[in-house]
Amino acid sequence: MKKVLLVELSVFERMTPLASGYLQAYAMTDSVIRSEYQFERYATVARTPRADVIRDLVGAAADVYAISCYVWNMGLVRAVVEAIRQARPQAQIILGGPQVMSQAQRYLTRTDEKTVICNGEGEITFSQYLRALTEPQVRPRLEEVSGLSFYRDGELVTTPKQPRISNLNDIPSPFLTGIFDSAYSIAILETNRGCPYHCGFCFWGAATNDRVYRFDEDRVREEIKWTAKNEILFLFIADANWGMLSRDVDISRHITDCANEYGAPNVVYFSAAKNKPQAVTKITSIFQDANLIASQPVSLQTLEPTSLDLIARSNIKLSAFAAIQEDLREKRISSFIELIWPLPGETLESFKRGIGTLCENEAQTVIAYPHLLLNNTPIYHSADTMGIVTRPAGGDVAEARIVIGTKEASVEDFVEGMYYFYAFHALHNTHSLRTVSRYLVRQKGLKYQDIFSAFADFLRRQGDDPILSYIERSIRDADYYDVNNYGLFIHSVLHEHREIAARQVRRFAQSQDWWDDAKVRALFEIDLVNRPYMYSNTPMDVHTEEFQALRLLDRGPRSYLVQVPAEHLADLADAVHIPAMPEDGIFRVEHKRLQYPFMPTQSRDHSGSYCHGMIEKVGNVLPLWQPVSPSSEEKGLDVHVAI
C-alpha cells in the first residue's frame with residue numbers, strides 16, 4: 001500500500017488537525033482508496049525547528065504528502081517542499097489552504113510536475129486526486145480532476161472549479177469514526193461552512209460564494225460530547241459567525257451541559273456573528289454562567305464610514321452596541337472589540353477618534369490587530385489603487401505581509417498609530433486610569449483620544465525604560481504580528497514591570513493640567529486600588545503613603561479594605577458595578593478572581609497567550625468591590641499605619 005502523510009503546521013500545540021481529519025475521513029469512503037492507501041498524520045507547531053520538521057517528514061518516506069498552507073507557516077512549507085523534492089523526487093505533493101489556492105504561479109515550478117495545488121474545498125478534489133494516482137498511466141490524468149493547478153510540459157494547467165459540498169454530512173466525522181484519539185488539548189469544531197459577507201480584508205466570503213451549509217445538528221452534538229468525554233479542555237468553534245443560526249444558542253447550551261457532566265471543556269472561543277448581537281450576548285451569558293471563561297467578541301474592525309464602504313463591511317449600529325455594552329456590564333460579562341489598523345479609508349485621526357468613541361460607549365477591551373494582506377482578498381486585488389504599502393513579518397516561518405501604509409495613512413501615520421495603541425493598551429485595557437478618564441471626559445469635556453495621545457507622547461519621552469523598549473522593539477521588528485505580542489505587553493505592564501508601569505501612569509497624570517483637580521487625585525486612588533492582576537501570585541503593590549483621599553484600612557492576602565469618602569461614592573458607582581452602596585463607603589476590594597499563578601517554568605509564549613486571553617476577558621480578573629460592616633477597630637485604623 002502507498003502511504004499518504006497529511007501535514008499540518010499549526011499555531012497552537014496539541015490541537016486537533018481538523019483539515020487532515022476531514023480529508024482522511026472523506027477519502028476513506030472510497031473503496032479503491034481504502035485498498036490502495038494507508039494514512040498517517042503529522043501535526044506540530046510551525047515554530048518547531050525547521051531541521052526537525054524536515055527530518056521527520058523526509059524520514060516518513062511517504063508516497064503522497066498533503067500539506068495545509070497558511071500565512072503563518074508558508075515560509076516553512078516552502079523549505080519542506082524543497083527538502084522532500086530533493087530527498088524523494090518521486091513523491092507526490094499536494095498543497096492546499098487559503099495561502100496557495102489560486103496562486104499557482106507563486107508556489108509551483110515549471111520543472112516539478114509532481115507538486116500540485118488544490119484551489120478550493122479539499123475533500124472531493126483530494127479524493128479524486130488520490131484515485132488518479134492509482135491509475136497505471138505514466139502520467140496521472142490530473143486534468144480530469146476538478147480544482148487543481150499543476151504544470152505539464154512547462155505549461156500551467158488549472159482545471160475547472162470543484163463545486164462546494166452542499167451536504168456536509170457526506171464528510172464523515174473524524175471525531176466519531178475513530179480517526180482522532182484523545183491526545184489533544186484543543187479541539188476545533190466546525191458546525192457550518194461559509195460566510196455571507198465579502199469583507200475586503202478577508203477571503204472567507206469570497207471563497208464560499210455567500211452560501212452557508214450546515215453539518216447535521218445531531219452530529220455536532222455528538223462531536224461536542226466526544227471532545228468532552230475525552231477531556232479536551234479548549235474548544236475553538238471555527239464557524240465564521242457563531243450566533244448567526246438560531247440553533248447556535250441551543251448548541252451552546254449543549255456545550256455547557258457536557259462541561260458540567262464530563263468536566264470539559266474549560267474554555268470556549270468563537271468568532272461572533274457580525275449582526276446578531278443579542279444572540280451573541282445570550283451565548284456569552286450561557287458560557288459565563290457555566291464558568292467557561294468567555295468574553296463576547298465584537299468584530300467592528302473600524303468605525304470610519306469611508307473605510308467601511310471601501311471594505312464592503314456593514315457593522316451593527318453604534319446605539320445598539322452601546323446598549324449591549326451596558327447590558328454586558330450589568331451582567332458582569334466581559335467583551336472585547338476587534339479593530340484592524342490600518343484599513344483603506346482609515347486615517348490616523350479617524351483611528352484615534354474611533355477608539356475614543358468606543359470608550360465613550362463603555363468598551364471594556366479594544367484590540368487593534370495589524371492588517372495582514374492576505375492572498376486572494378479584495379484588498380489584495382486592489383492593493384495598487386488603494387496605495388497599500390507592506391512589510392514582511394513572522395521571520396522565515398511565515399509568509400506574512402503587514403500593511404504599514406495606505407492612501408489615507410502614511411507609514412509615519414502607521415507608526416504613530418501603533419504608539420497610540422500600545423499606550424491605550426497600557427492605560428485603558430488595564431483599567432489603570434479608567435475612573436479618572438471617565439470623569440475627565442464626562443465632566444471636564446476632554447476627549448479620550450486626547451488623553452491616550454498625551455500618554456503615548458509621554459511614554460516616548462521616557463528614554464531607558466522597559467515598557468518603552470518593548471513598544472519600540474515591537475514596532476521596529478513587526479513583533480505585533482505574533483499573536484502573543486499584545487499579551488506579553490500586558491504581562492510586562494501588569495506583572496513583570498508592574499511597579500514601573502504604575503509609576504509611569506502616576507508621573508503622566510501628575511504632568512497634566514487636570515492633576516490640579518482634587519477630584520482627579522481622589523479618583524486616581526480608586527484606579528490604583530482597582531488595577532487588576534493577571535496572575536494570582538503577583539505581589540500586591542498598593543502602598544499606604546500613596547493615599548490622601550481614600551483610607552486604606554487593612555490588606556488581606558489578595559485584597560484591600562478601603563474607605564471611600566462620601567463625596568466620591570457616586571463616581572465609584574459610575575465606574576464600578578456595585579449592587580448596593582454602603583453609607584460609610586467601606587469596601588473589601590477582592591482581587592482573588594479567576595487568575596492562574598505565574599509559573600516561571602512556562603515559556604514566554606505561554607505567558608503571552610494567557611495574558612492576551614485574560615485581558616480580552618478582563619471582567620473576570622477585575623476586583624470585586626464588596627461592602628462590609630467593619631469592626632470599630634478597623635474604623636479607627638490610621639491610613640499611615642504600615643500594613
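In the predicted model, the side chains of Asp396 and Arg50 meet in a salt bridge, with an N to O distance of 3.7 Å. Asp396 lies in the loop between strand S16 (389-393) and strand S17 (400-405), whereas Arg50 belongs to helix H3 (residues 50-59), so the pair ties together parts of the structure that are 346 residues apart in sequence. The two partners fall into separate classes of accessibility: Asp396 is exposed, with a relative accessible area of 54%, while Arg50, at 32% relative accessibility, counts as partly exposed.

This contact belongs to a set of 33 salt bridges found in a search of the whole structure. Among them is the salt bridge between Glu135 and Arg141, in which the closest N and O atoms are 3.4 Å apart. Here Glu135 is partly exposed, at 28% relative accessibility, and Arg141 is likewise partly exposed, at 31%. A salt bridge also joins Glu190 to Arg193, with 3.1 Å between the closest N and O atoms, and in this case both residues, Glu190 and Arg193, are buried. Beyond these pairs, salt bridges link Glu113, Arg139, Arg152 and Asp153 in a network.

Strand S1 (residues 2-10) is mostly covered, eight of its nine residues being buried. Strand S1 pairs with strand S2 (residues 37-45) in the parallel sense over nine bridges, and within this pairing Leu5 has Glu40 of S2 as its bridge partner. Strand S1 is also joined to strand S3 (residues 64-68), again in parallel, by four bridges, where the bridge partner of Val7 is Ile67 in S3.

Strand S14 (residues 334-341) is likewise mostly covered, and eight of its eight residues are buried. The burial extends to both faces of S14, with Ser334, Phe336, Glu338 and Ile340 on one side and Ser335, Ile337, Leu339 and Trp341 on the other. Strand S14 runs parallel to strand S13 (residues 295-301), to which six bridges join it, and Ser295 stands opposite Ser334 of S14. Six bridges also join S14 to strand S15 (residues 365-370), once more in the parallel sense, and Glu338, one of the buried residues of S14, has Ile367 in S15 as its bridge partner. Between these two strands the chain passes from S14 through helix H13 (residues 348-360) to S15, forming a β-α-β crossover that is right-handed.

The second largest pocket of the model holds about 270 Å³ of space. Its lining comprises 14 residues, of which Val81, Glu82, Tyr107, Thr109 and Asp112 are the closest to the centre of the pocket. Helix H4 (74-87) and helix H5 (104-107) each supply at least two residues of this lining, and H4 gives the most, with six residues. In chemical character, the lining of the second largest pocket divides into six nonpolar, three polar and five charged residues.

Technical notes. Residues numbered from 1 in each chain as written. Predicted model: local features only at pLDDT ≥ 70, side-chain atom pairs only at ≥ 80, totals over all residues. Heavy atoms only, no water. Salt bridge = Lys/Arg side-chain N within 4 Å of Asp/Glu carboxyl O. Buried < 20%, exposed > 50% of the residue type's maximum accessible area, 1.4 Å probe, protein only. 1 Å grid on protein atoms, 1.4 Å probe; cavity = no way out; pocket = protein on both sides within 12 Å on 5 of 7 lines; lining within 4 Å. Points joined across faces, edges and corners; volume = space filled by probe spheres on them. Nonpolar A, V, L, I, M, F, W, Y, C, P; charged D, E, K, R; others polar. Pairing = 2+ DSSP bridges. Right-handed = clockwise from strand over helix to strand, strands pointing away.
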